[in-house]
Amino acid sequence: MTLTVNDLRVHYRTLRGEVRALDGVGFDLADGEILGLAGESGCGKTTLGKSLIRLDGRMRHAGGTVTLDGDELPLSDDRAMNAYRFHKISLVPQYSMSALNPTRRIGRMIRELLASRGVSVDTGELHRRLALVGLDPDVLERYPIELSGGMKQRAVMVISTLLDPSVLIADEVTSALDVSNQQAVVGALRGLRDKGLVTSMIFVTHDLGLTSHIADSIMVMYAGKLAEKAPTKVLTTEPRHPYTKMLIGSLPQVGARYKDKPLSGIEGSPPSLLNPPAGCRFRDRCPLADSRCAEEPPVVEVAPRHSVACWKAA
Ligand SMILES: Nc1ncnc2c1ncn2[C@@H]1O[C@H](COP(=O)(O)OP(=O)(O)OP(=O)(O)O)[C@@H](O)[C@H]1O
Ligand code: SF4
Ligand SMILES: [Mg+2]
């Protein structure tokens, strides 16, 4: 087992109190697995990715453990995390392709980054990795502005995986791309896993349709908690959690006319994570809610590798 996350709680300190962005999340990531992490904006996807790499000054590890290849990660100890960060677990941050330094050529940026980590990668190996994600070696001589969005995103992926991490977290790496660039990026991610340069991956997106193309399993989060996790085929064809069902039901179908099949959204919005209500957090929006839902549903394994947090899912 590559990664085991157990009851992880990470809060943001704010002037109004603590935002409970991750509030008791647990899951496993197996060797070779690509896990899609989905859920609407603000449910805690980026917070989960960041927690496994670096807690920024406003984040607090409020509880729970993360074990990677048998070692418990020292999440609250920024210095001790250096032994893991980028070496064993790496992140392609949300919006990172737009954050590349515009005044540096890609090659120089990579050399400086490696030097700052005290490691080196020979040119032949770098070219091999660029080829693997479909990039020509001449991108090393180019400035970020000279690359398309998809090329920049693939360059960031190469940079993030130079040290062959056990786990790569790719946070919304396809969100700002057109369909062909999305395919190139998704193909590149699979290639990195298939060639063993990355053992396992967490592919974060709010796009459930896209994640079902790349992920072996999918985890849906809602308001800082796990709603459902299952193998991709199971989650997309036999979802048990009402929220997952509504997410899948709201995906647009190509060719369907609005007058024949109007787009259905999920009415309402998630609760504030500053003082989240007791009980099931989906209660206000759930068509199946009843008095029992005033109590928090436990995460139950309803079938092998299929976990759901809903009283009505069993
Ligand atoms: N620096 C911060 N200070 C306070 N609250 C924050 C901070 N960053 C995030 N949050 C809150 O934490 C929760 C989770 O945010 P997060 O960015 O992890 O969501 P997300 O699922 O990645 O959303 P998106 O799909 O929009 O990227 C949200 O309620 C958000 O408002
Ligand atoms: S526990 Fe209740 S409110 Fe929550 S998703 Fe299930 S039925 Fe709906
Ligand atoms: Mg995010």
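The following paragraphs describe the overall dimensions, the two sheets, one buried acidic residue and one ligand shell of a predicted model.

The protein chain contains 8 helices and 12 strands. Along its principal axes the C-alpha trace spans about 65 × 50 × 40 Å, and the radius of gyration of the protein chain is 20 Å, which agrees with the value near 20 Å that a compact globule of 314 residues would have. Of these 314 residues, 39% are buried. When contacts between residues at least 6 apart in sequence are considered, 65% of them join residues at least 24 apart.

Of the two sheets described here, one is an open sheet of 8 strands, arranged in the order S6-S7-S8-S3-S9-S10-S12-S11 with mixed pairing. Its edges are formed by strand S6 (89-92) and strand S11 (300-303), each of which pairs on one side only, and the twist from one strand to the next averages 20 degrees. At the S6 edge, S6 and strand S7 (residues 167-171) run parallel and are joined by 4 bridges, with Leu91 standing opposite Ile169 in S7. Helix H8 (residues 242-249) packs on this sheet, where it touches strand S9 (217-222) and strand S10 (225-231), and the direction of the helix makes about 105 degrees with that of S9.

Although S6 is an edge strand, both of its faces are covered. In a regular strand the side chains alternate between the two faces of the sheet. In S6, Ile89 and Leu91 lie on one side, Ser90 and Val92 lie on the other, and all four are buried.

The other sheet is also open and consists of 4 strands in the order S2-S1-S4-S5, with antiparallel pairing. Strand S2 (17-29) and strand S5 (71-72) are the edge strands here, each pairing on one side only. Within this sheet, strand S1 (residues 3-14) and strand S4 (residues 59-68) are paired in the antiparallel sense over 8 bridges, and Tyr12 stands opposite Met59 in S4.

Strand S2 also holds Asp23, a charged residue that counts as buried because 22 other C-beta atoms lie within 10 Å of its own, where 20 or more are required. Leaving aside residues up to four places away in sequence, Asp23 touches Arg9, Gly224, Lys225 and Pro276. Among these contacts, Arg9 falls within the range of S1 (residues 3-14), and Lys225 falls within that of S10 (225-231). By contrast, Leu114, which is 91 residues from Asp23 in sequence, is 35 Å from it in space, C-alpha to C-alpha.

Ligand 2 is surrounded by Pro242, Cys280, Phe282, Arg283, Cys286, Leu288, Ala289, Cys293, Pro297, Cys310, Trp311 and Lys312. By class, this shell comprises 10 nonpolar and 2 charged residues and no polar ones; the charged members are Arg283 and Lys312, while the cysteines Cys280, Cys286, Cys293 and Cys310 are among those counted as nonpolar. Pro242 of the shell falls within the range of H8 (residues 242-249), the helix that packs on the sheet of 8 strands.

Conventions
Residues are numbered from 1 along each chain as its sequence is written. Chains are lettered from A and ligands numbered from 1 in the order in which they are written. This is a predicted model: local features need pLDDT of at least 70, side-chain atom pairs count only at pLDDT 80 or more; totals for chains, interfaces and linings use all residues. A residue is near a molecule or strand if its C-beta atom, placed from the backbone, lies within 6 Å of it. Two strands pair if DSSP finds at least two bridges between them. Axes are lines fitted to C-alpha atoms, for helices over the stretch in contact, and angles run from 0 to 180 degrees between N-to-C directions. Two residues are in contact if their C-beta atoms, placed from the backbone, lie within 7 Å. The radius of gyration is taken over C-alpha atoms; the globule rule is 2.2 Å times the number of residues to the power 0.38. A residue is buried if 20 or more other C-beta atoms lie within 10 Å of its own, exposed if 12 or fewer, and partly exposed in between; C-beta atoms are placed from the backbone.
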